[in-house]
Amino acid sequence: MVRIRAPRDFCAGLLFIATGALGAALATDYAFGSALRMGPGYFPTLLSWGTIGLGAIVALRALA
């Protein structure tokens, strides 16, 4: 069984992940484009994935 050492940090990490997932889901309605010709969905998608990654790091550190 996994023990959560910092429950507040774990919940914050889950909140980051949920916020990033919502942003990524909403950004799928926009054209992504490419690195040379960025579409309106490029930055929100990258920002959402970054938020998901940050949330994963925070949640995993709460377990260690």
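**Two helices and the loop between them**

P40 lies in the loop that links α1 (7–27) to α2. In this predicted model, P40 is exposed, its relative accessible area being 58%, which is over the 50% cut-off for that class. Leaving aside neighbours within four places in sequence, P40 has contacts with Y30 and A31. The C-alpha atom of P40 is 8.6 Å from that of A27, a residue 13 positions away along the chain.

The protein chain as a whole contains 2 helices and 0 strands. Its C-alpha atoms occupy a box of roughly 45 × 20 × 15 Å along the principal axes. The radius of gyration of the protein chain is 15 Å, whereas a compact globule of 64 residues would have a value near 11 Å. Of the 64 residues, 19% are buried. The protein chain exposes about 4,900 Å², and 70% of this area is supplied by carbon and sulfur atoms. Among contacts with a separation of 6 or more, 60% join residues that are 24 or more positions apart.

The arrangement of the helices was examined next. The axes of α1 and α2 come within 7 Å of each other and cross at roughly 160 degrees. Because this angle is over 145 degrees, α1 is roughly antiparallel to α2. The crossing of the two helices is left-handed. On the α1 side, the contact is made by D9, F10, G13, F16, I17, G20, A21, G23, A24 and A27. On the α2 side, it is made by P44, T45, S48, T51, I52, G55, A56, V58, A59, A62 and L63.

Three residues of α2 were considered individually. Y42 is found in helix α2, and helix α2 comprises residues 42–63. Y42 has a relative accessible area of 15% and is therefore buried, the cut-off being under 20%. Not counting residues up to four places away in sequence, Y42 touches A31, F32, S34 and A35. Y42 and A27 are 15 residues apart in sequence, and their C-alpha atoms are 8.2 Å apart in space.

T45 also belongs to helix α2. The relative accessibility of T45 is 15%, so T45 counts as buried. When residues up to four places away in sequence are not counted, T45 touches A27 and F32. A27 is listed among the α1 residues that make the contact between the helices, and T45 is listed among those of α2. F32 is also touched by Y42.

S48 is the third α2 residue considered. With a relative accessibility of 8%, S48 counts as buried. Apart from neighbours within four places in sequence, S48 is in contact with G20, G23 and A24. G20, G23 and A24 are among the α1 residues of the contact between the helices, and S48 is among those of α2.

Taken together, Y42 is buried, T45 is buried and S48 is buried, whereas P40 in the loop is exposed. A31 is touched by both P40 and Y42. A27 of α1 is touched by T45, and the C-alpha distances from A27 are 8.6 Å to P40 and 8.2 Å to Y42.

Methods. Residues numbered from 1 in each chain as written. Predicted model: local features only at pLDDT ≥ 70, side-chain atom pairs only at ≥ 80, totals over all residues. Heavy atoms only, no water. Helix = DSSP H or I, 4+ residues; strand = E, 2+ residues; numbered from the N terminus. Buried < 20%, exposed > 50% of the residue type's maximum accessible area, 1.4 Å probe, protein only. Contact = heavy atoms within 4.5 Å. Rg over C-alpha atoms; globule rule 2.2 N^0.38 Å. Areas by Shrake-Rupley, 256 points an atom, 1.4 Å probe, with all protein chains shown as cover. Axes fitted to C-alpha atoms, helices over the stretch in contact; angles between N-to-C directions. Parallel < 35°, antiparallel > 145°, perpendicular 65-115°, else oblique. Left-handed = near helix turned anticlockwise from the far one by under 90°.
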